[in-house]
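Here is a friendly briefing to read alongside the model. Please keep the viewer open as you go through the points.

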Amino acid sequence: MNDRQIFCINCGTPLTQEDHFCAECGIPVSRSTPTTQIPQQEPDNEAALQPEFRPKKRLLLKWGLILLLIFAFIGGGFVFWRSFAKPSPVFINSVAFHRGGKVIAGMRASTTKPGENSIKLWDVSSDTEICTLNPSTVGEMGAVCFTPDGNTLVAGHRSGRITLWDWVTRNEVQTIDLKGDPLSSFDISPDSRVLATGSYVGYWRDNNEKWQSTGSGTVRLWDIPSGKMLYTFPGDSSQVTGLAFSPDGRYLAVGGYGDRTLKLCDPRTGRVLHSLRLSGQTSNVTALAFSPRGRFIGVGTFEGEILVW
């Protein structure tokens, strides 16, 4: 019994007869019931190469994974902000289809360089760009449309000018000046010969901090081929917000923001034929449209209503 090798019952470390404590794990050696233990089998080479994960290593691995998720979340949020939150250098503020439906025009305005605008035309079926039109007038453009005959592209500038292009030859053929009045709305007659423009009263402060006004709520009718003004008449005391020709071209509807009235005019003479007063404290006209046959007229108001006559 004494010649047999003694091992620690806890860790398997070899012991001698003189040992009272295990030199490896430190537990006392029992002399009353000495226990022998066959040495543990040596691990194979594959198991010996496996790393031993201590509690501290597990903790480091846990925090490493947490930090990795945090950085991934921050990085993903940055990419999302760059893609969606950051404003685009240009935006489209008006689009119009050609009468055949195969060409669409888009008015591009710059967010970084105010006043720099352009109009791009695309072929709808092939999704290819046809051309880019750069107006000679510098300033913010408000709307773009084709004339009903499809020959001319019209762009309105808020500074008070109308630019007309022969979009096939890409030539700027006409520029109409509103005599210093800022442009608020425009429409074209069904025969593509008369252009109606509406303006508004703008207010600004001078160097002495006094309020000054410019422009007027005037309606003007223009001959498109010659660019000459045909008629002018008061449209509204504040702002002409809606203009619409009837489908047969016999009437021009005029809506105002200040007077809360709807006027029907004769575009051939500029004479006001009828004037309708809208009820309500804030029933300012914001939009106008005739029905396809011209029997009804729809009026959008500042109260969020649509009135039909």
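The notes below go from the whole chain to single strands and side chains.

This is a predicted model, in which local features need pLDDT of at least 70 and side-chain atom pairs count only at pLDDT 80 or more, while totals for chains, interfaces and linings use all residues. Residues are numbered from 1 along each chain as its sequence is written, and side-chain values use heavy atoms, with hydrogens and water left out.

**Whole chain**

- The protein chain has two helices and 23 strands; these are DSSP runs numbered from the N terminus, helices being H or I with at least four residues and strands being E with at least two.
- Of its 309 residues, 35% count as buried, where buried means under 20% relative accessible area, exposed over 50% and partly exposed in between, with a 1.4 Å probe and protein chains only.
- About 19,600 Å² of the protein chain is exposed, and carbon and sulfur atoms supply 55% of that area; accessible areas come from the Shrake-Rupley method with a 1.4 Å probe, and for residues only the protein chains shown count as cover.
- Among contacts in the protein chain with a separation of 6 or more, 34% are between residues 24 or more positions apart, a contact being heavy atoms within 4.5 Å.

**Strand β19 and its partners**

- Strand β19 spans residues 261–266, and five of its six residues are buried, so the rest of the structure largely encloses it.
- One of its partners is β18 (residues 252–256), which runs antiparallel to β19 and is joined to it by four bridges; two strands pair if DSSP finds at least two bridges between them.
- Between β18 and β19 lie four residues of a hairpin, and R260 in the turn has a positive phi of about 55°.
- β19 also pairs in the antiparallel sense with β20 (residues 271–277), over six bridges.
- The hairpin of β19 and β20 has four residues between the strands as well, and there G270 takes a positive phi near 80°.
- L264 in β19 is a handy residue to click on: A253 stands opposite L264, and so does H274 in β20.

**The sheet β21-β22-β23**

- These three strands form an open sheet in the order β21-β22-β23, with antiparallel pairing.
- β21 (285–290) and β23 (306–308) are the edge strands; each has a single partner strand, so one side of each has no neighbour in the sheet.
- On average, neighbouring strands of this sheet are turned by 20° against each other, direction ignored; the axes are lines fitted to C-alpha atoms (for helices over the stretch in contact), and angles run from 0 to 180 degrees between N-to-C directions.
- β21 and β22 (residues 297–301) are joined by five bridges, and A289 has G298 in β22 as its bridge partner.

**K120 and its surroundings**

- K120 lies in strand β5 (residues 117–123) and counts as buried at 15% relative accessibility.
- Its side chain makes polar contacts with the side chains of E129 at 3.1 Å and T132 at 2.8 Å.
- A polar contact is a pair of N or O atoms within 3.5 Å; within protein, one must be able to donate a hydrogen and the other to accept it, and residues adjacent in sequence count only if both atoms are side-chain atoms.
- Leaving out residues up to four places away in sequence, K120 touches I104, A105, G106, R108, E129, C131 and T132.

**Cysteines**

- C131 is buried at 5% relative accessibility, and C265 is buried at 1%.
- The whole structure has zero disulfides, a disulfide being a pair of cysteine sulfur atoms within 2.5 Å.
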